[in-house]
Amino acid sequence: MKQLKTLLVDDEYSAIEGLAIRLAAFSQISIIGHACSVDEAMALISESAPDLIFLDIEMPGKSGFELIKQLQPESCPAIIFVTAFHQYAVKAFEVRALDYLLKPVKKERLAEAIARVSSRLDSPANKQHMLEVRDILLNGDTARQTEPGSAYRIEQEKLVIQDGHHPAQLIPYADILWIDAAGDYMCVHTRDDTFVMRARLKSLINDVLPDGFLRIHKSTIVNLQHVAKLEPLINSEYNLTLVNSKSLKVSRTYSRQLKLSLSGHKGIHHAL
């Protein structure tokens with residue numbers, strides 16, 4: 001098995017130590033050095049030409065994204081982002097990160113990331129990947145704009161789910177049928193799967209989900225595109241049926257807004 005010359009870049013030395021301890025369990029990893037800033041990292045990269053960099057994103061002065069801008073894509077090492085902040089998941093995917101790990105890094109996720117690097121490191125796809133990353137960071141993803149002067153952003157079309165244990169998942173909003181709460185977690189339902197994310201229902205409906213998602217109960221959100229039928233119950237409550245025949249209760253608090261919102265949707269049967 002080929003040994004991967006590995007560089008650790010993080011402005012917190014304790015984080016470097018912790019990651020180094022976890023990496024000691026992987027025989028294919030050979031740590032050749034560490035850096036606490038982008039400038040230190042660039043000097044080490046020039047001297048030792050690492051195969052792999054575990055790169056923190058938020059650092060004083062220059063961020064991890066700034067480091068990638070300075071690399072030569074033809075000889076660029078594989079990059080695995082490591083950060084304590086969930087919000088960078090979207091940006092990491094926009095620059096097509098090979099992987100993205102949340103601190104504290106779990107051994108299982110670390111193993112997945114290393115396996116992914118090992119399978120792609122010497123492939124032509126990795127060279128093309130780094131060319132795309134550098135181009136996006138330097139020039140913006142001009143090939144994928146939604147309108148003139150407006151750069152494409154993943155969160156406009158997809159829900160980003162990152163739990164720290166698995167690779168981040170990108171779920172198209174159009175595929176989501178309904179979302180329900182389970183304590184501090186949300187269950188995101190599509191036709192075929194259920195995804196679990198740590199979030200509050202209120203923050204999802206107010207700050208994340210696009211138009212077309214509506215709250216119908218204190219613990220439930222539906223995608224109006226997938227509503228098939230609405231039938232009255234007692235006490236001004238309703239039974240809502242989705243296109244997959246799933247039935248959901250609409251509480252009296254949210255029934256009026258739901259009826260108003262559905263009035264403009266064709267193909268929905270109202271038994272009112």
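Q: What makes S2, S1, S3, S4 and S5 one open sheet?
A: Strands here are DSSP runs (E, at least two residues; helices are H or I, at least four residues), numbered from the N terminus. Two strands pair if DSSP finds at least two bridges between them. The order is S2-S1-S3-S4-S5, and the pairing is parallel. Strand S2 (29–35) and S5 are the edges: each has a single partner strand, so one side of each lacks a neighbour in the sheet. On average, neighbouring strands are turned by 25° against each other, with direction ignored.

Q: What kind of model is this, and what do its values rest on?
A: It is a predicted model: local features need pLDDT of at least 70 and side-chain atom pairs count only at pLDDT 80 or more, while totals for chains, interfaces and linings use all residues. Residues are numbered from 1 along each chain as its sequence is written, and side-chain values use heavy atoms, with hydrogens and water left out.

Q: How do you know that S1 and S2 are paired?
A: Six bridges join these parallel strands, and the definition asks for at least two, so S1 and S2 count as paired. One example is Leu 8, whose bridge partner in S2 is His 34. Helix H1 (residues 13–23) packs on the sheet, where it touches S1, S2 and S3, and its direction makes about 175° with that of S2. Helix H5 (residues 107–120) packs there too, touching S1, S2, S3, S4 and S5, at about 165° to the direction of S5. Those angles run from 0 to 180 degrees between N-to-C directions of axes fitted to C-alpha atoms, for helices over the stretch in contact.

Q: Why is S16 called largely enclosed?
A: Buried means under 20% relative accessible area (exposed is over 50%, partly exposed in between; 1.4 Å probe, protein chains only). Five of the five residues of strand S16 (residues 238–242) are buried, so the rest of the structure largely encloses S16. Tyr 238, Leu 240 and Leu 242 point one way, Asn 239 and Thr 241 point the other way, and all are buried. In a regular strand, side chains alternate between the two faces of the sheet.

Q: What makes S15 and S17 partners of S16?
A: Strand S15 (residues 227–232) and S16 pair in the antiparallel sense over five bridges, with Val 227 opposite Leu 242. Their hairpin has five residues between the strands, and Asn 235 in the turn has a positive phi of about 60°. S16 also pairs antiparallel with strand S17 (residues 247–250), over four bridges, and Tyr 238 has Val 250 as its bridge partner. In this hairpin four residues lie between the strands, and Ser 245 in the turn has a positive phi of about 75°.

Q: Why are 20 residues called a nonpolar core?
A: The name fits a set of buried Ala, Val, Leu, Ile, Met, Phe, Trp, Tyr and Cys residues joined through side-chain atoms within 4.5 Å. In the largest such set, of 20 residues, Val 9, Leu 55, Leu 67 and Phe 81 touch the most other members. S1 (4–9), H2 (38–48), S3 (52–56), H3 (64–70), S4 (78–83) and S5 (99–102) each supply at least two residues, and H2 gives the most, with four. Apart from this core lies another, of 18 residues, including Phe 26 and Ile 114.

Methods: Contact = heavy atoms within 4.5 Å.
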